[in-house]
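Let's take a friendly walk through one structure. Have the sequence and the 3D view open as you read.

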Amino acid sequence: QVQLVESGGGLVQAGGSLSVSCAASGRTFSNYNLGWFRQAPGKEREFVASISWSGFTRYADSVRGRFTVNRDNAKRTVYLQMNSLKPEDTAVYYCAARTSDSGSYDYFRAGDYQYWGQGTQVTVSS
């Protein structure tokens, strides 16, 4: 019932910036908890950042201070602004959503999110 579509991935040099977006179809977008995860080749999916329905943000230690997550409820879109990119940031980036009426959850656990986008590739060259 909820469709998420990421966009904005691409190739960027180390130290550069890139912004990825995730557009959602749900009419109750303002009640979604939203997360960004990434998965590099041969690695498990890892938490990057999240923003709750109320706008509370959380970040993985590896990206704190470099990445910023925000949302525009009117546009039903969540964004991840990535600055000072490093080669180790190279991965497929996924957005995920969990409805706020689904009970408590761990924001950093991929398995706790109900809906996922198809992912967008971010490649950082050295």
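What follows looks at a sheet, a core and a group of aromatic rings in this predicted model.

## An open sheet of four strands

A good place to begin is the open sheet, where four strands run in the order β1-β3-β8-β7 with antiparallel pairing. The edges are taken by β1 (4–7) and β7 (67–72); each has a single partner strand, so one side of each is left without a neighbour in the sheet. Going from one strand to the next, the twist averages 15 degrees.

At one edge, β1 pairs with β3 (residues 18–24) in the antiparallel sense, over four bridges. If you look for Val5, you will find Ala23 of β3 standing opposite. Val5 belongs with Ser7 to the uncovered face of β1, while Leu4 and Glu6 make up the covered face.

## The other edge and its hairpin

At the other edge, β7 and β8 (residues 77–82) are antiparallel partners over six bridges. These two strands form a hairpin with four residues between them. In the turn, Arg76 has a positive phi of about 50 degrees.

Two residue pairs help you to find the register here. Thr68 has Gln81 in β8 as its bridge partner, and Asp72 stands opposite Thr77 in β8. Thr68 and Asp72 both sit on the uncovered face of β7, together with Asn70. The covered face of β7 consists of Phe67, Val69 and Arg71.

## The nonpolar core

Which residues have the most contacts inside the largest nonpolar core? They are Trp36, Val48, Phe67, Val69, Leu80, Met82 and Tyr93, in a core of 33 residues. Phe67 and Val69 will be familiar from the covered face of β7.

Two or more residues each come from β3, β4 (32–39), β5 (46–51), β7, β8, β9 (91–99) and β11 (120–125). Among these elements, β9 gives the most to the core, with five residues.

## Aromatic pairs

Now for the rings: a search of the whole structure finds nine aromatic pairs. One of them joins Phe37 and Tyr113, whose ring centres are 5.3 Å apart and whose planes stand at 75 degrees, so the pair is edge-to-face. This pair links distant parts of the chain, with Phe37 in strand β4 and Tyr113 in the loop between β9 and β10 (115–116), 76 residues apart. Are these two rings buried or exposed? Phe37 has 0% relative accessibility and therefore counts as buried. Tyr113, at 4%, counts as buried too, because the cut-off for buried is under 20% relative accessible area.

Tyr107 and Phe108 form another edge-to-face pair, with 5.3 Å from centre to centre and 90 degrees between the planes. Tyr107 counts as partly exposed, at 27% relative accessibility. Phe108 also counts as partly exposed, at 44%.

## One cluster, and an arginine over two rings

Both pairs belong to one aromatic cluster, formed by Phe37, Phe47, Tyr94, Tyr105, Tyr107, Phe108, Tyr113 and Trp116.

Where does Arg45 lie relative to Tyr94? Arg45 lies over the face of that ring, at 4.0 Å from the ring centre. Arg45 also lies over the face of Trp116, at 4.8 Å from the ring centre. Tyr94 and Trp116 are both members of the aromatic cluster, which makes Arg45 a handy landmark for finding these rings in the view.

Conventions. Residues numbered from 1 in each chain as written. Predicted model: local features only at pLDDT ≥ 70, side-chain atom pairs only at ≥ 80, totals over all residues. Heavy atoms only, no water. Pairing = 2+ DSSP bridges. Axes fitted to C-alpha atoms, helices over the stretch in contact; angles between N-to-C directions. Buried < 20%, exposed > 50% of the residue type's maximum accessible area, 1.4 Å probe, protein only. Core = buried A, V, L, I, M, F, W, Y, C linked by side-chain atoms within 4.5 Å. Phe/Tyr/Trp six-rings, centres within 6.5 Å; stacked < 30°, edge-to-face > 60°. Lys NZ or Arg CZ within 6 Å of the ring centre and 35° of its normal.
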